[in-house]
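Work through the exercises below with the sequence and the 3D structure in view. Each task is followed by its solution.

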Amino acid sequence: MIYDMKPEDIIGEYKEVTLQLYRSIARKILYTEIETPYPDGKLIVSTTDPDGVITHVNQSFIDMSGYMEEELVGAPHSILRHPDMPPAAFKDLWDTVKKGEKWQGFVKNLRKDGGYYWVKATVIPNVRNGKVVGYTSVRRKPSRTKVEECIKLYPTLF
Amino acid sequence: MAFMFTVSPDFTPDHLSGWYIFNTWLQKQTGEGIHLEMYDDFNSQRQAIKDDKVDLIYANPFDAAMLVREKGFLPLVKADGTADEAIIAVNADNKVEDVAHLSPGVKVAYTDDPDVKMMGMIMLEPGDLDATNIVPVISDTYVLVAKHLLKGEADVGIFLAEAYDDLSSVIKKQLRILVRSQISVIHHALMIGPNLQHKREEIQQMLLNMNNEDKGQGVLKSLGFSGWGKVDDEEMEFMIDLMDTLVM
Ligand SMILES: Cc1cc2nc3c(=O)[nH]c(=O)nc-3n(C[C@H](O)[C@H](O)[C@H](O)COP(=O)(O)O)c2cc1C
């Protein structure tokens, strides 16, 4: 399940917007300008079912997202969808992995507390006995130069 | 015909005799003729795998993908409490505090250990460094990686974390860690090839029981392990998927 964000969870001054997510889910987003730096040396890992519903997260994922494991597993992965991310990026992600290929990109993710963090993400299909049973994403620390490029580029893609 | 057992060439040389002792133990337990073949480098070992000569292998995570997906190998066990982690270190005198402060043209010392090099290069990425803009200083051992840093022949060293931690305190005092990976799910594994797979469960059980018997405990000690833990098919598939996301 995915709920509207609640003011009591937010740290700092926030803006409000309603995002239209896949499958007509509308979600109220509360977001701040507070960035959490990517932790050195760690990987943020999650796995989803074929529909993008989270089935597994590692500890770094939990720590960086600000959610509890119980809130994440069973939720659509768009629980992290930040309003500054252009929809075209995720269309490209899904088009690529549905072809059975690997997708890579820079993503600004939304935290439960309204803040954000940048990652360099790779998504691959999990093939078992010739069938796609889900997808895995591994994020690593992005270079600041690449992030700055995306900060300029992404607003032009809406 | 004896089965052939081999060990990834990135094992620590201190445990060379340990693998021979382990192989003797394994032959006694299984009643099979198993010949241990040690290769000096990754290329000659890979060739042997390609030629279907290998039946049992203590494989590094990099080779595991190929072994499972192209050669039909299955996982048996991993050493308890071990994970492959990498360290980025510099000379203690180096002013650099963060990988982001390194610049293209930086001299990077590493060994040909493929997963450690990969993890190291990932940790250099936040500094906009990649294979195209670093100067490699290829080193035979991690001790030599350290020496290159001490002599100023390299600016940055990529180490297997275990190997770094094992360096003498005199050397470590002259080095400084910039980043230590905490990935925890990438590890070596003992894997079994198609010709021996009818014995998979039996061998797996023997290995899991190894630390419960006196002889077994001694053999484990000579390998530097406390015991073996089971690796099931899905855990191995997950690790392979994860490695797959990291190779680009
Ligand atoms: C394995 C996997 C990981 C994903 N990781 C993220 C993520 O970290 N952040 C994000 O916003 N979307 C991620 N997505 C994409 C979301 O499923 C979703 O498409 C996106 O958030 C846009 O929302 P929408 O498709 O509902 O419009 C991931 C998808 C997959 C399959």
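**Exercise 1.** How far is a nitrogen atom of the ligand from an N or O atom in the side chain of A:Asn109?

Solution. The model is predicted: local features need pLDDT of at least 70, side-chain atom pairs count only at pLDDT 80 or more, and totals for chains, interfaces and linings use all residues. Residues are numbered from 1 along each chain as its sequence is written, chains are lettered from A and ligands numbered from 1 in the order in which they are written, and side-chain values use heavy atoms, with hydrogens and water left out.

The distance to A:Asn109 is 2.7 Å. A polar contact is a pair of N or O atoms within 3.5 Å. A polar side-chain atom of A:His77 is 3.3 Å from a nitrogen atom of the ligand. At A:Tyr22 the partner is a polar backbone atom, 2.7 Å from an oxygen atom of the ligand.

**Exercise 2.** State how much of the ligand is covered, and where the ligand sits.

Solution. On its own the ligand has 600 Å² of accessible area (Shrake-Rupley method, 1.4 Å probe). The protein covers 90% of this area.

The ligand sits in the largest pocket. A pocket is an open set of points on a 1 Å grid over the protein atoms alone, where a 1.4 Å probe fits, with protein on both sides within 12 Å along at least five of seven lines. To sit in a pocket, a molecule must have more than half of its atoms within 2 Å of the grid points.

**Exercise 3.** Describe the shell around the ligand.

Solution. The ligand is surrounded by 15 residues (a heavy atom within 4 Å). Among the closest are A:Trp94 and A:Arg139. By class, seven residues of the shell are nonpolar, six polar and two charged; Gly counts as polar here. β7(A) gives the most, four residues.

**Exercise 4.** Which order do helices and strands follow along chain A?

Solution. Chain A has four helices and seven strands (DSSP runs: helices H or I of at least four residues, strands E of at least two). Their order is β-β-β-β-α-α-α-β-β-β-α. The C-alpha trace of chain A spans about 50 × 35 × 30 Å along its principal axes.

Technical notes
A polar contact is a pair of N or O atoms within 3.5 Å; within protein, one must be able to donate a hydrogen and the other to accept it, and residues adjacent in sequence count only if both atoms are side-chain atoms. On a 1 Å grid over the protein atoms alone, a cavity is a set of points where a 1.4 Å probe fits but cannot get out, and a pocket is an open set with protein on both sides within 12 Å along at least five of seven lines; lining residues have an atom within 4 Å of a point.
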